[in-house]
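Reader: I have a chain in front of me and would like to go through its fold, its surface and its side-chain pairs. Please keep the answers short.

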Amino acid sequence: SPKAASEGGGSSGTALEWRWVVGVTVLMGAVVATTVTGLLQEWVFSSRPTGPVVTQTGGLEPLPVWKELMIMSHLLGLPIFAVLATDLLHYLAVFARNPGLLLFLFLNAATQALSIRGVYETNERTDSLTCTFAITARKFISLLLSIFMFSNPFTLIHVLATTLVFSGSVAYALVSYTDTAAKVPASQKEKRT
């Protein structure tokens, strides 16, 4: 167990610490990649017209920008799975022998499709910081549900993370509220009083 490995010292403790460092580094890299992607998407959304486009020839209207980005980003990512072709074929055969697994795979794919659609639509309608914040909050809630549903331990690190996420949520809400209040014209402020 991880606890036994860390108490035993030696190479097991070092290996566990190394895995922890690698895990945190991968998570930090994912957050940076998500942020850069969000900023690029925000740039694309701001540089493209939004709303329905009327065609003069009566042809098909182009896809909304968020759908176009979603399709292209997922299609461009498919070639990397060629590296895993052998594993994918093996697990496809395993899933084909068990209809229950196919059902879970379908449900997972359906919920992932809904989730990513929401992310792209949110990114089109808000700035990248708001979208990244919403995604981070959703992941955090999923983590807390996992801890409580599967009786995983709630350690001091979880308490610290909960405090940081909650504090960040309050700070973001206050700053957003202050920015919105500052943008209200003086004529509307007078009507409120």
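Author: A definition comes first: helices are DSSP runs of H or I with at least four residues, strands are runs of E with at least two, and both are numbered from the N terminus. The model discussed here is predicted.

Reader: Which pattern does the protein chain follow when read along the sequence?
Author: The protein chain has eight helices and zero strands. Read along the sequence, the pattern is therefore written with helix symbols, given that helices and strands are the DSSP runs defined above. That pattern is α-α-α-α-α-α-α-α.

Reader: What percentage of the 193 residues in the protein chain is buried?
Author: The accessible surface of the protein chain is about 15,200 Å², and carbon and sulfur atoms hold 71% of that surface. A residue counts as buried under 20% relative accessible area. Among the 193 residues, the buried share is 11%.

Reader: Which helix gives the largest share of the largest nonpolar core?
Author: The largest nonpolar core consists of seven residues: Val44, Phe45, Val65, Trp66, Leu69, Met70 and Tyr120. Two elements, α2 and α3, each give two or more residues to this core. The largest share is four residues, and it comes from α3.

Reader: Which helix gives the most to the nonpolar patch on the surface?
Author: The patch is formed by Leu63, Ile71, Met72, Leu75, Leu76, Leu78, Ile80, Phe81, Val83, Leu84 and Leu88, with about 1,100 Å² of accessible area together. Four of its residues come from one helix, at residues 65-77. That helix is α3.

Reader: Is leucine 63 buried, partly exposed or exposed?
Author: Leucine 63 sits in the loop between α2 (10-47) and α3. Partly exposed is the class between the buried limit of 20% and the exposed limit of 50%. Because its relative accessibility is 45%, leucine 63 counts as partly exposed.

Reader: How are the planes of phenylalanine 148 and phenylalanine 154 arranged in their aromatic pair?
Author: The structure holds one aromatic pair. In this pair, phenylalanine 148 and phenylalanine 154 lie 5.9 Å apart centre to centre, with 25° between the planes. Planes under 30 degrees apart count as stacked, and this pair is stacked.

Reader: Which of these two counts as exposed, phenylalanine 148 or phenylalanine 154?
Author: Exposed requires over 50% relative accessible area. Phenylalanine 154 has 37%, so it is partly exposed. At 58% relative accessibility, the one that counts as exposed is phenylalanine 148.

Reader: Which residues are joined into one network by salt bridges that share partners?
Author: The structure holds two salt bridges. Glutamate 121 forms one with arginine 117, the closest N and O atoms being 2.9 Å apart, and the side chains of glutamate 121 and arginine 125 meet in another at 3.2 Å, N to O. The salt bridges share partners and join into one network Arg117, Glu121 and Arg125.

Reader: Why are glutamate 121 and arginine 125 separated by about one helical turn?
Author: Glutamate 121 and arginine 117 both lie in helix α5 (residues 99-125), and they are four residues apart. Glutamate 121 and arginine 125 are separated by about one helical turn because in helix α5 they are apart by four residues.

Reader: Which class of exposure does glutamate 121 belong to?
Author: Arginine 125 counts as exposed at 64% relative accessibility, and arginine 117 is partly exposed at 37%. Glutamate 121 has a relative accessible area of 18%, so its class is buried.

Key. Residues are numbered from 1 along each chain as its sequence is written. This is a predicted model: local features need pLDDT of at least 70, side-chain atom pairs count only at pLDDT 80 or more; totals for chains, interfaces and linings use all residues. Side-chain values use heavy atoms; hydrogens and water are left out. Patches are made of residues with over 30% relative accessible area and no salt bridge: like charges are joined within 9 Å, nonpolar side chains (Val, Leu, Ile, Met, Phe, Trp, Tyr) within 5 Å. Accessible areas come from the Shrake-Rupley method with a 1.4 Å probe; for residues, only the protein chains shown count as cover. A salt bridge is a side-chain nitrogen of Lys or Arg within 4 Å of a carboxyl oxygen of Asp or Glu. Buried means under 20% relative accessible area, exposed over 50%, partly exposed in between (1.4 Å probe, protein chains only). A nonpolar core is a set of buried Ala, Val, Leu, Ile, Met, Phe, Trp, Tyr and Cys residues joined through side-chain atoms within 4.5 Å. Rings of Phe, Tyr and Trp (its six-membered ring) pair if their centres lie within 6.5 Å; planes under 30 degrees apart count as stacked, over 60 as edge-to-face and the rest as tilted.
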